Protein chains: 2
Amino acid sequence: MTEDDVPTEWLRAVLPLAVLAVVAEEETYGYAVAQRLQAGGLGAVKGGTLYPVLNRLEAEGLLTSSWREGVGGPGRKFFAVTAAGRDSLDRRSAAWHTFTERAGGLLPDPRSTR
Amino acid sequence: MTEDDVPTEWLRAVLPLAVLAVVAEEETYGYAVAQRLQAGGLGAVKGGTLYPVLNRLEAEGLLTSSWREGVGGPGRKFFAVTAAGRDSLDRRSAAWHTFTERAGGLLPDPRSTR
DNA sequence: AGCACTAGTCAGCGACGCAAACTAGTCGGG
DNA sequence: CCCGACTAGTTTGCGTCGCTGACTAGTGCT
């Protein structure tokens, strides 16, 4: 019951930000990010969705990548956050926070189940 | 400073829900909804964006519409929420609430400006 | 007549999540 | 030895929807 399949528009809104946040926490690779996101309450993000996000973030200069041999399995593309990435993360997550508060203000009070 | 132009992906995530919420508060017409949204902190929603949303909500059976003569100006298409609409609003806004909490949990703590 | 404001509609565009298929490495079981 | 299952990442085509910009149309002011 931890998982009520997040609507795609909602995912669309936070995916890049969430991915950036996860990588900023610790240098990791795509597959691990997917598991982290699922554990974090966003749904099961498929490869065809996640990897393009990582590559876009890299193209924007917010992440850097390096290829490393896999311990038991294929090679892994590790991503690390850049200074610009950390900066963008902070600014955008602050903006996200105020946005969700404003949006929540328009919605009905969740405590009153009319 | 009340308005830092909301990214389109963010708007995309909440627009239908926010519009539904506004109409559920009080029976209104499109143009007034736009002003209400702007006052609520989402940006200036253009006609070409807003009206299709209203029409989709009506097509989904969450709103009903009726045409009325304008007092000083063109006629107005008034929208009212249906029972299904109110139900959908409650369920989806509750889901939105838990979603934003989860997403916020992945993001860096806004109080630490590193 | 011209402009501004109100009110709603429409066409084309681009971004991006999704489904599905594909390559490719490792491992365990039959 | 081959077949799945899991890991890891890529690619293609599709559909949704906000955006831009133009358009109709009613009212009122200059």
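Of the residues of chain A, A:Ala13 comes closest to the rotation axis, its C-alpha atom lying at 3.1 Å. The model in which this axis is found is a predicted one. In general, two copies of a chain are related by a rotation about an axis and a shift along it. Here chain A is superposed on chain B by a rotation of 180° with 0.0 Å of shift along the axis, and the RMSD of that superposition is 0.0 Å. This is the relation of a two-fold axis. Of the interface residues of chain A, 100% are also interface residues in chain B, so the copies meet through the same surface.

Within chain A, the unreviewed UniProt entry places the feature "domain: Transcription regulator PadR N-terminal" at residues 19-90. The span of residues 19-90 in chain A is 53% helix and 19% strand, and the C-alpha atoms at its two ends lie 13 Å apart.

Over all chains, the structure holds six salt bridges. One of them is formed in chain A between A:Arg91 and A:Asp87, whose closest N and O atoms are 3.2 Å apart. Both A:Arg91 and A:Asp87 belong to helix α4 (residues 83-106) of chain A, where they are four residues apart, or about one turn of the helix. The two partners fall into separate accessibility classes, because A:Arg91 is exposed, with a relative accessible area of 53%, whereas A:Asp87 counts as partly exposed at 42% relative accessibility.

In chain B, a salt bridge joins the side chains of B:Arg36 and B:Glu25, with an N to O distance of 3.4 Å. Since B:Arg36 lies in helix α2 (residues 30-39) of chain B and B:Glu25 in helix α1 (residues 8-25) of chain B, the pair ties together parts that are 11 residues apart in sequence. B:Arg36 counts as partly exposed, at 32% relative accessibility, and B:Glu25 likewise counts as partly exposed, at 48%.

The side chains of B:Glu27 and B:Arg68 also meet in a salt bridge, at 2.9 Å from N to O. B:Glu27 is placed in the loop between α1 and β1 (28-29) of chain B, while B:Arg68 is in strand β2 (residues 63-68) of chain B, so this pair ties together parts that are 41 residues apart in sequence. Relative accessibility is 38% for B:Glu27, which counts as partly exposed, and 36% for B:Arg68, which also counts as partly exposed.

Both protein chains contribute to the surroundings of DNA strand C. Of the 21 residues around this strand, A:Arg12, B:Tyr31, B:Tyr51, B:Arg76 and B:Lys77 come nearest. At least two residues of the surface near DNA strand C are supplied by each of the elements α1 (8-25) and α3 (47-59) of chain A and α2, α3 (47-59) and β3 (76-81) of chain B. Sugar or phosphate accounts for 74% of the atoms of DNA strand C that lie within 4 Å of the protein, and the rest belong to bases.

Individual contacts to phosphate oxygens of DNA strand C come from chain A and from chain B. In chain A, an N or O atom in the side chain of A:Arg56 is 2.8 Å from a phosphate oxygen of the strand. In chain B, a polar side-chain atom of B:Tyr29 lies 3.4 Å from a phosphate oxygen of DNA strand C, whereas B:Gly30 approaches a phosphate oxygen of the strand with a backbone N or O atom, at 3.2 Å.

Methods. Residues are numbered from 1 along each chain as its sequence is written. Chains are lettered from A and ligands numbered from 1 in the order in which they are written. This is a predicted model: local features need pLDDT of at least 70, side-chain atom pairs count only at pLDDT 80 or more; totals for chains, interfaces and linings use all residues. Side-chain values use heavy atoms; hydrogens and water are left out. UniProt positions are given in the numbering used here, feature names are shortened, and annotations may be inferred rather than shown by experiment. Copies are superposed by least squares on the C-alpha atoms of residues with pLDDT of at least 70 in both. Contact means heavy atoms within 4.5 Å. A salt bridge is a side-chain nitrogen of Lys or Arg within 4 Å of a carboxyl oxygen of Asp or Glu. Buried means under 20% relative accessible area, exposed over 50%, partly exposed in between (1.4 Å probe, protein chains only). A residue is near a molecule or strand if one of its heavy atoms lies within 4 Å of it. A polar contact is a pair of N or O atoms within 3.5 Å; within protein, one must be able to donate a hydrogen and the other to accept it, and residues adjacent in sequence count only if both atoms are side-chain atoms.
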